[in-house]
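Me: Please take a close look at one part of this model, the helix packing and the enclosed space beside it. I would like one connected account.

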Amino acid sequence: MAYMLGLLAVASFVFVEAAEASNGTSQDRRDGWVSQPNGRGTFDILWSCLFTIFLCTWVSLHLNVPAAHENYWHQFFRKMRWMVQAIMAPEFVLAFATGQKVEARRSVELFKDLDLPAHCPKWTIRHAFYANMGGFVLQPRESSSFPVNSKQLHWLIQRRYVDYPTMTADEVWDKSKADGFQKSLTCLQTAWFIIQIVGRAAQRIPITTLEITTLSFVLCTLVMFYQWANKPLDVQSPTILTSHKTIAEILLEAGTAARDPYKQTPLDFIDNQSPSWLTEVQPHLQFRTGPRMRPLPRFTNDRFPVIGAGPDAVGLFLFTMAYCGLHFVAWDFSFPTPLERYLWRAASIAIGGCAFIFWVCETYQDGHRLGRWERWYAKWRGDGRDGRINTMEKTRRNRRFVPVWEVIVMSPVTLIYTVARTYIVVEVFLSQRSLAVGCFDTVQWSEFIPHF
């Protein structure tokens, strides 16, 4: 938490100081390409920002285990799509990372009730991340294999369909392809970028809109690193768990709970990976879906996070608003044309407003699905009922996780957000054609050294 508060403090400082510095008047500008011998030039600004954005959006992504049949190019283009997603809406990728960490912590608590021999390794958050990303694949007797997440694995172990995994936390981490050089380079570059921005803000030296946007990526990336610190990176081969039972026997012994046809894997009655954009939202919207194989050969990366109403949700909300708020730093910046300044202001308001509306709608709907509002209302009334919803009602609500009212509200909100975000991404590069003279000044680091 102290780590996150420190990042928010940096964002607040830059917001105040950079906003007061502005970036020059329309009469004090340099047009076109500026060379760097007498200070920093256009190339320095572009290289520093683009290199930082690349590291923030590529190295920070921790995607799930790919399917066995997928080659390098399948994985490469999937990561490219998520890189574009991270550029267009980094706060949503941060939400996925936060949700995955919350689910991993829940898994650790769930596994505490297993009565295991003393020699079995403790179930850790690394095990939980590994399971939820598709690291464990169930191979039933005479049946097709498919990945199982931590909830499904807990159910299988509890009923002795599979043995408890003997992998230690270190062995799980050994599966990770985490490149220490890449992460170190990312941390060094982002740290140096933050120092540069803080130094410019402290000395009231103008900052470009591209640098403000890059700073927002940096803040999201550092939090993503924190949330995914225990998630293995780029795991290629899962761990196979064999069962002496066929999947038909497992489902038959599960009783009425498993009588409905599955949509993702045969263990949907335990956890159906809901809600997910690829496997649930797109079919409703008649879009092309994927993966199409059933049972699912891999877990998709877009399962909507069920974070709850605790500190994680509050922290994510604050960082989302901080990310949106950073764009307001450029409210009084001097743009190449007055129209671009007004459009930037409108886009900043649109991004912040849309993010807030999304949070309100999703928080309400998430609470409705889980029966949170009924419990709180019952507690407030003091009528002695806990307000919990039964399993059948919870299942029914989960099936309607995208109600009509939410589609009606969120469709225009999503469109407005997309247009506003696209404008900001385009404008930060267009504005490089004409910048305030002060944007090319460098920080005088000697001024920070005390003189006696």
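Reply: What follows treats three helix pairs and then a cavity.

This is a predicted model, in which local features need pLDDT of at least 70, side-chain atom pairs count only at pLDDT 80 or more, and totals for chains, interfaces and linings use all residues. Residues are numbered from 1 along each chain as its sequence is written, and side-chain values use heavy atoms, with hydrogens and water left out.

Helices (H or I, at least four residues) and strands (E, at least two) are DSSP runs numbered from the N terminus. Axes are lines fitted to C-alpha atoms, for helices over the stretch in contact, and angles run from 0 to 180 degrees between N-to-C directions.

Helix α2 (residues 42-59) and helix α9 (residues 209-227) have axes that come within 9 Å and cross at roughly 25°. That makes α2 roughly parallel to α9; angles under 35 degrees count as roughly parallel, over 145 as roughly antiparallel, 65 to 115 as roughly perpendicular and the rest as oblique. The contact (heavy atoms within 4.5 Å) is made by residues including I45, L46, C49 and I53 of α2 and L210, T214, F217 and F225 of α9. By class, 10 nonpolar, four polar and one charged residues take part in the contact of α2 with α9. Here Ala, Val, Leu, Ile, Met, Phe, Trp, Tyr, Cys and Pro count as nonpolar, Asp, Glu, Lys and Arg as charged, and the others, Gly among them, as polar.

α2 also packs with α3, at an angle of about 120° and with the axes 9 Å apart. The two helices α2 and α3 are therefore oblique to each other. I53, F54, T57 and W58 of α2 meet F76, K79, M80, M83, A86 and I87 of α3. This contact of α2 with α3 has eight nonpolar residues, one polar and one charged.

The axes of α3 (residues 72-88) and α4 (residues 90-111) come within 5 Å, crossing at roughly 115°. α3 is thus roughly perpendicular to α4. On the α3 side W82, Q85, A86, I87 and M88 meet P90, F92, V93 and F96 of α4. Eight nonpolar residues, one polar and no charged ones form the contact of α3 with α4.

W82, V93 and F96 also line the second largest cavity, together with L61, H62, L63, Q100, W228 and N301. α4 gives the most to this lining, with three residues. By class the lining has six nonpolar, three polar and no charged residues.

Technical notes
On a 1 Å grid over the protein atoms alone, a cavity is a set of points where a 1.4 Å probe fits but cannot get out, and a pocket is an open set with protein on both sides within 12 Å along at least five of seven lines; lining residues have an atom within 4 Å of a point.
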